[in-house]
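Hi,

Here is the structure I said I would pass on. Have a look at it first, and then read my notes underneath.

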Amino acid sequence: MAQKVKLSTIAETLGISTATVSLALRDSPLVAGLTREKIKEQARALGYIYNRRAASLRTSRSGIIGVVVHDIMNPFYGEILKAIESELDRSRHTFLLSNHYDSVEKQRNFLETLLQLGADGVIMSPAIGTPMEDMQLAEDNGMAPILVARSLEGSDLPTYRGDDSYGISLATNHLIGLGHTSIAMIGGTDQTSTGRDRYQGYVNALRKAGIDVDPDLRIPGPRSMQGGFEAAVHFLSLPQKPTAAVCWNDLVAIGLMNGIFRAGLVPGKDISVTGYDDLEEASISMPALTTVSNGQAEVGRLAARALLDRLAGSHEPDGIHLIKPEMRIRQSTSPYRPRT
């Protein structure tokens, strides 16, 4: 029955034009707010269902946006996604979500599916090893790509992410200010722009303070809570006996603190630990985690807005747009005390 209801049916019952009904159902500002609500209420009463396929044939737009990230189970991406969803909801766009788990093939399959569906654009945190050809394929077929969280080497695509080098330098300088000189960095990989930038921020802060950079104090790899927990054994066995750790993210930091506690030491007292991202878990961990707010919500909002602006025919300049991180000092860091 719903399929038989047409725009003209709604228009006739309200005594208005079909064009006005069409504009109202698409939330056009050309129709007054009260009139829009009245039209929508009548449409619901009659059982009208918006035909997206027919609309796409008329407008050359499907209203579909793809979103692809590394792993939605990571709360960092969850916070970005929440902001993207909120922004797209306002414009009545539907988004399709995929995790690539750093598989270029899986990511490519999703992009091809989006192209087959006629998606208008895609917001993505690119998988390690993503070739520029994949991005060019999307653009050449009218699907606008916007990048988040990670940059893509050789690409001038609009990219929204935190200033990772500056953010990690904030955390490292905080520990240096507390008197720590033997500071390990745990987690991350040089295969991503995020990993390279965060390590460089750590190195820059040490050098600026006149502290030698010891490559043995870097424990690359962990990006999860389990990874941080497992890294605690390596960290505690380092001959340099570091008194503090800068962690790749909050998940690694919380896992590391659990490992430190399991070894009979007190994180925040015997060993200072900083995280990164300021996830919800950071403020309620034991002890509450000193970390860096990386602006995930702002990244998601700006990326979605940039895509919508691009679809409307205007957009910000291409290239990288950095969100400035902020330090959040809590209980997991304290002044240097020699370990006995």
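Below is what I found in it, going from the overall picture to single residues.

**Overall**

Please keep in mind that this is a predicted model. The protein has 340 residues, and 51% of them count as buried. Its fold contains 13 helices and twelve strands. Along the principal axes, the C-alpha atoms fill a box of roughly 85 × 40 × 30 Å. To get a feel for distances, try A43 and G319: they are 276 residues apart along the chain, and their C-alpha atoms are separated by 43 Å. A43 belongs to helix α3 (residues 33-46) and counts as buried, with 4% relative accessibility.

**Aromatic pairs**

How many aromatic pairs are there? The count comes to two. In one of them, the ring centres of F76 and Y77 are 5.1 Å apart and the planes stand at 75°, so this pair is edge-to-face, for which the angle has to be over 60 degrees. Both rings belong to buried residues: F76 has a relative accessibility of 9%, and Y77 has a relative accessible area of 7%.

The other pair is Y199 with Y202. Here the centres are 5.8 Å apart and the planes are at 35°, so the pair is tilted. These two tyrosines are three residues apart in helix α9 (residues 193-208), which means about one helical turn separates them. Y199 and Y202 are both buried.

**Charges over rings**

Y199 comes up again here, since R218 lies over the face of its ring, 3.8 Å from the ring centre. There is also R198, whose charged end sits over the ring of W248 at 4.6 Å from the centre.

**The cavity**

I found one cavity of 30 Å³ or more, and the space in it is about 30 Å³. Which residues line it? They are F76, I80, A149, R161, G162, N294, Q296 and V299. Two or more of the lining residues come from each of α5 (75-90), β5 (159-162) and α13 (296-311). So F76, from the edge-to-face pair, is also part of this lining.

**Two helices to look at**

Helix α8 (residues 164-177) has 14 residues and reaches 20 Å from its first C-alpha to its last, close to the 20 Å expected at 1.5 Å a residue. Its buried residues include D164, H174 and S169, along with I168, L175 and I176. After α8 comes G179, with a positive phi near 100°.

Helix α11 (residues 250-262) has 13 residues, which should span 18 Å at 1.5 Å a residue; the end C-alpha atoms are 18 Å apart, so the two values agree. α11 is mostly covered, with ten of its 13 residues buried. Among them are D250, L251, V252 and M257, as well as the glycines G255 and G259. At the start of this helix, a side-chain oxygen of N249 comes within 3.1 Å of the backbone nitrogen of L251. Just after α11, G264 has a positive phi of about 95°.

**Two single residues**

N99 is in strand β2 (residues 94-99). Is N99 buried or exposed? Its relative accessible area is 14%, and the cut-off for buried is under 20%, so N99 is buried. A polar atom of its side chain lies 2.8 Å from the backbone nitrogen of I72. The side chain of N99 also makes a polar contact of 3.4 Å with the side chain of Y101.

P242 is in the loop between α10 (225-236) and β8 (244-247). Although it is in a loop, P242 counts as buried, at 0% relative accessibility. What lies across from it in space? I183 is 59 residues away in sequence, yet the C-alpha atoms of P242 and I183 are 5.5 Å apart.

**Where to start**

If you open the model with just a few minutes to spare, go to F76, which pairs with Y77 and lines the cavity. Then move on to Y199, which pairs with Y202 and has R218 over its face.

Cheers

Key:
Residues numbered from 1 in each chain as written. Predicted model: local features only at pLDDT ≥ 70, side-chain atom pairs only at ≥ 80, totals over all residues. Heavy atoms only, no water. Phe/Tyr/Trp six-rings, centres within 6.5 Å; stacked < 30°, edge-to-face > 60°. Buried < 20%, exposed > 50% of the residue type's maximum accessible area, 1.4 Å probe, protein only. Helix = DSSP H or I, 4+ residues; strand = E, 2+ residues; numbered from the N terminus. Lys NZ or Arg CZ within 6 Å of the ring centre and 35° of its normal. Expected span 1.5 Å × (residues − 1). Polar contact = N/O pair within 3.5 Å; in protein donor to acceptor, adjacent residues only side chain to side chain. 1 Å grid on protein atoms, 1.4 Å probe; cavity = no way out; pocket = protein on both sides within 12 Å on 5 of 7 lines; lining within 4 Å. Points joined across faces, edges and corners; volume = space filled by probe spheres on them.
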